[in-house]
Amino acid sequence: MATNASLKIDDKEYPLPVIVGTEGEKAVDTRALRTASGYVAFDQGYGNTASCESQITYLDGDSGILRHRGYPIEQLAAQSDYVETAYLVIYGELPSATQRKEFGLRLRQNAAVETQMQRIFEGFPKDAPPMAMLSSIVASLAAHYPHLATNNFEHDLKSFDLAAAMAISKIRTIGAMIYRYQKGLPYIFPKQELPFCENFLHMMFSEPYQDYVAAPEIAKALNLLLLLHADHEQNCSTSTVRMVGSSAANLFTSISAGICALSGPLHGGANTAVMQMLQSIHDEGDDGTRFIAAAKSGSKTNRLMGFGHAVYKNFDPRAKIIGKACDDVLAKLGINDPLLAIAKNLEQAALKDDYFVSRKLYPNVDFYSGIIMRALGVPVNMFTVLFAIGRAPGWIANWREVAANPKGRIYRPRQIYSGAVKRDYVPIGQRG
Ligand code: ACO
């Protein structure tokens, strides 16, 4: 494998060191190029730029490989659960029995949202977008726990274990409270004795004098859903967390920024958009032909939601797992969801269509995740909130990597300016 590269500009050659990852990924290190040559690397949207070295997640989009800390997603999905995978993603190793117990305890002890924080909810309109509420309320954790969020890496890393547990546990509680607030229902507080997913379902669906007891299939399906979202390398929201964190901003603030990034329909918001698409096909009695035809127009606003991925160009391994889980969960719960049949027909039609085949557009994790969430009783406007709950470990692990890197520097990309060249100011009365 090459160990050195160079770039020739006119007659001058600039050496560029090669970096090789543990899985053989190769990069040309262009950091010194601008100082040496005056040139920067141009890569709109960083599609071909490694913005960091990371030990958390390995992803090979061409082969459909996803591994957290070396462990294949298929094995984690089959044998682990969300909380254990969260520990793995954050701390780098599968926990021992004691570590798992201590971590679980920290999550249980930090689940509650204090009375003063509860008042923040009342400031939002009942129909506020849940992700807008979530990002604001998570940002407010930095105001409520300033001793854990000092914007000083050294200090914040000392209280990292507590801050990380708070973030994971409280994001889940806040998510359930947003749901209750919007429905005008009283909040249901977490129960220490309940496991993570069962506790979430309890806070969502219990009534004051009638506890919701999650069927094992439901809790298992939620575990799988959250686990499959736990981390995904340098996606838009995770890179956002790293970028914000690189300014030494604290964990809560950085995660809040990640939630904002996740809310867009091209990223985490896609699961909502998929459901809206399937529902509209169902309501109109269409077979999906119209959506496929519109998606082929090339317009960004008409894309087939849940299809395509910035990195996976063969298949999304999470979509394979979740597609199968959809069948299992619905069968176990005795649910016959017409939207599942529509999704399957749409998938078959798209996979036979040259437009999608030639562009390597396959179903991504969002294509089927909505159907599972629907089966759990989660309304469509809460789908991306569940994605955020699942993704919290990945954001936390990435923030920690940034904070703990002694050679880290603030993220500051360059640009190629393409605006007006220098011109003189014209007073308002003299403008044409
Ligand atoms: N429907 C129709 N056409 C599409 C779709 C789609 N879903 N996705 C990509 N294309 C087209 C593009 O228009 C482009 O066409 P062109 O070559 O004729 O110009 C071509 O396929 C290649 O697109 P990419 O460069 O691979 O797409 P990009 O990497 O910019 O975007 C993205 C990836 C945002 C995921 C895109 O596929 C998309 O918008 N999908 C729908 C939204 C979605 O499901 N997002 C969830 C992603 S997974 C996640 O965030 C958890």
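## Ligand contacts

A polar side-chain atom of Arg303 sits 2.8 Å from an oxygen atom of the ligand. This structure is a predicted model. Leu304 also makes a polar contact, this time through its backbone: one of its N or O atoms is 2.8 Å from a nitrogen atom of the ligand. At Leu266, a polar backbone atom lies 3.2 Å from a ligand nitrogen. On its own, the ligand has 930 Å² of accessible area, and the protein covers 74% of that.

## The shell around the ligand

How many residues surround the ligand, and which come nearest? There are 20, and the nearest are Arg303, Leu304, Gly306, Phe307 and Lys313. Arg303 and Leu304 are thus in the nearest group, and each has a polar contact described above. By class, the shell holds 11 nonpolar residues, five polar ones and four charged ones.

## Domains

The domain assignment divides the protein into three parts. Domain 1 covers 4–50. Domain 2 comes in two pieces, 73–264 and 381–402. Domain 3 spans 270–375. Taken over C-alpha atoms, the centres of domain 1 and domain 3 are 38 Å apart.

## The second largest pocket

Where does the second largest pocket lie? It lies between domain 2 and domain 3, because both give residues to its lining. Its volume is about 430 Å³.

The lining of this pocket has 17 residues. Nearest the pocket centre are Ala77, Lys220, Leu224, Ala325 and Asp328. Three helices each supply at least two lining residues: α2 (73–79), α11 (216–228) and α16 (317–333). The lining of the second largest pocket splits into eight nonpolar, two polar and seven charged residues.

## The cavity

How many cavities of 30 Å³ or more are there? The count comes to one. The largest cavity holds about 30 Å³ of space.

Its lining is made of Gly308, His309, Tyr312, Phe315, Asp316, Tyr362, Pro363 and Asn364. Four of the residues lining the largest cavity are nonpolar, three are polar and one is charged.

Terms used: Residues numbered from 1 in each chain as written. Predicted model: local features only at pLDDT ≥ 70, side-chain atom pairs only at ≥ 80, totals over all residues. Heavy atoms only, no water. Near = heavy atom within 4 Å. Polar contact = N/O pair within 3.5 Å; in protein donor to acceptor, adjacent residues only side chain to side chain. Areas by Shrake-Rupley, 256 points an atom, 1.4 Å probe, with all protein chains shown as cover. Nonpolar A, V, L, I, M, F, W, Y, C, P; charged D, E, K, R; others polar. 1 Å grid on protein atoms, 1.4 Å probe; cavity = no way out; pocket = protein on both sides within 12 Å on 5 of 7 lines; lining within 4 Å. Points joined across faces, edges and corners; volume = space filled by probe spheres on them. Helix = DSSP H or I, 4+ residues; strand = E, 2+ residues; numbered from the N terminus. Domains from an automatic or database assignment.
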